[in-house]
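Please look at the sequence and the structure shown below before reading on. The report that follows goes through them part by part.

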Amino acid sequence: MRKPLAARPGAARAAVSVGILLLGTAGAAFAGAVYVPVPDPISSTGSTHAIQIWITNGGSDQRPYTTAFLNAESDGTQRPSTPPAQTPIAAGRTSVLGGVSSPGKSGLLEINASAAMSVDARLFNTSADALRSSVSPVPLISSDNMFEAGKTAVVLGLRRDPARGDITSLGVVNLGKQAAQCVIKFVRADGSPIGGPATLTFKPLSLRSFNDAFSLLGEQQAADARAEVSCNQPFYTYATLFSQANSQVLFITPSASGASTLTGPGGTNEPPPSSTGSVVYSVSGLFHTVTTGNEKKTYKIELAKAMPARRMVLDMDFVPGPWNRSKSPGNHAIVWLYRSKFRSNTFANVNAFSPPKMSLKAAQNVDLPPASTTQDDQGVAWVQGQRYHLKYTYDAEHGSVTAVLSSNGATVKTLNFPSTAPNGVLDIPTTGMTVEFGHYPGQDGPEVPSYGWQYSNLRIEFVPY
């Protein structure tokens, strides 16, 4: 009898956000691999679960990618003598990949792509009666979020509830090119162990699933438990929660560490140099709440000297408040970062649109003629009062811009469009960088003040050549 889909989990979170920008060389040379764990598409209850993957070419030339499916619990280093076929994607285009799973099988989909390509994946869940459907983000495994040998990954908030039909399963991926020894522990919320530590062997480059993990340990009811995993090879681990009530599979990824270098209120907003030569400008904690007479917050960024930058990365949190109904749809500001004067100097202009449009829009116009931009605009089901994180990467070196919107650690939307900085260089002047949050009342166009919106934890990094 086929086991529940939760027993065949498949996913892992990319640190960049579930859209992940691959790093490496451009052109036909492949930068490296991203792994998408793929579950069995049919559960024992009859519900179906289909993986869909988006691959975008943000470069200026056609680029190919390749894929390879690695069956669960198989040696992923053993490959056919014939190399996989290359699938080209034209510049600026997105390819949608489906049909990567087959009944009774689970495993890893390996995607090799160039530096200018971005990858994202989601799982579409449908109940057996086709009356209920949902979408779950599928985090990706890469060098950005893997755990080094000897480290411990902790996955929190695990549960088993027979009355609700909730089943948790654990997936462990050995990313090493040789067999790995891993130690797995399960712990209740009160700190007491569930069974003893298990030391297990994993094949090279392989996924192994522990179906209905608590039942395997004789624990029929569990709430707020955790799993701790450590391996002697690079690895990744995650859990899936299958809820029979709505036929949905949710992916649970490793917890954040308190070792974060971000600072709370009282942290500096000066731009200290990093060990890599980057310049970082940051404002910790809540820095702007939009009220009448205080619609906009502006910071001036000054550098000690001009910088030819290869990349700019902006991170920030924000909480949408009420929609301003004075215009429909209203353009509510998230962030605007520009150099010198407005025209042809916008690095990032990111906005949220109110009903009926309900979308996220990002644009830039570096060194473009008047009225010209590159941009992306995608629908978002905004939730007022919910905290969102924006990671905006202007990769001048590889000709791409990526805006990743996430919430509670899960990717909500990924926007991609070309950068236009000449010769792959963002010229950062010593003075003249300005970042703004909010719109003034009475602005032309769809812009409206975002009363009640909150902005926090700003970090802007300029990475030099």
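## Two residues with positive phi

Asp367 is partly exposed, with a relative accessible area of 43%, where partly exposed covers the range between buried, under 20% relative accessible area, and exposed, over 50% (1.4 Å probe, protein chains only). The residue is found in the loop between β23 and β24 (374-379), and its phi is near 60 degrees, a positive value in a residue other than glycine. Strands, here and below, are DSSP runs of E with at least two residues, and helices are runs of H or I with at least four residues, both numbered from the N terminus.

Asp224, which is not a glycine either, has a positive phi of about 55 degrees. Asp224 is found in strand β15 (residues 222-231) and is exposed, with a relative accessible area of 58%.

## Basis of the model and overall make-up

This is a predicted model, in which local features need pLDDT of at least 70 and side-chain atom pairs count only at pLDDT 80 or more, while totals for chains, interfaces and linings use all residues. Residues are numbered from 1 along each chain as its sequence is written, and side-chain values use heavy atoms, with hydrogens and water left out.

The secondary structure of the protein consists of one helix and 30 strands. Of its 465 residues, 52% count as buried, and the protein exposes about 19,600 Å², of which carbon and sulfur atoms supply 52%; accessible areas come from the Shrake-Rupley method with a 1.4 Å probe, and for residues only the protein chains shown count as cover. Among contacts (heavy atoms within 4.5 Å) between residues at least 6 apart in sequence, 75% join residues at least 24 apart.

## Two open sheets of four strands

One open sheet has four strands in the order β10-β15-β12-β13, with antiparallel pairing, and two strands are taken to pair if DSSP finds at least two bridges between them. At the edges stand β10 (152-160) and β13 (198-202), each with a single partner strand, so one side of each is left without a neighbour in the sheet. From one strand to the next the twist averages 25 degrees, with axes fitted as lines to C-alpha atoms, for helices over the stretch in contact, and angles running from 0 to 180 degrees between N-to-C directions. Strand β12 (residues 180-187) is joined to β13 by five bridges in the antiparallel sense, and Cys182 has Leu200 in β13 as its bridge partner.

Another open sheet of four strands follows the order β14-β11-β16-β17, also with antiparallel pairing. Its edge strands are β14 (206-210) and β17 (248-252), each of which pairs on one side only, and neighbouring strands are turned by 25 degrees against each other on average, direction ignored. Between strand β16 (residues 235-243) and β17 there are five bridges, and the two run antiparallel; Leu241 stands opposite Leu250 in β17.

## Strand β4 and its partners

Strand β4 (residues 63-71) runs antiparallel to strand β5 (residues 87-89), to which three bridges join it, and Tyr65 stands opposite Thr87 in β5. Six bridges join β4 to strand β7 (residues 107-113), again in the antiparallel sense, with Leu108 in β7 as the bridge partner of Leu70.

## Strand β22 and the second largest pocket

Seven of the eight residues of β22 are buried, so this strand is largely enclosed by the rest of the structure. β22 pairs with β21 in the antiparallel sense over seven bridges, where Ala348 in β22 is the bridge partner of Leu337. Five bridges also join β22 to β23, which run antiparallel, and Asn349 stands opposite Ala363 in β23. β22 and β23 form a hairpin with five residues between them, and Met358 in the turn has a positive phi of about 50 degrees. Pro356 is found in the loop between these two strands, and a cis peptide bond with omega about 5 degrees joins Pro355 and Pro356.

The second largest pocket holds about 580 Å³ of space. Of the 26 residues that line this pocket, the closest to its centre are Trp336, Thr346, Asn349, Asn351 and Glu447. At least two lining residues come from each of β21 (331-339), β22 (346-353) and β23 (359-364). A pocket is, on a 1 Å grid over the protein atoms alone, an open set of points where a 1.4 Å probe fits, with protein on both sides within 12 Å along at least five of seven lines, and lining residues have an atom within 4 Å of a point.

Technical notes:
Points joined across faces, edges and corners; volume = space filled by probe spheres on them.
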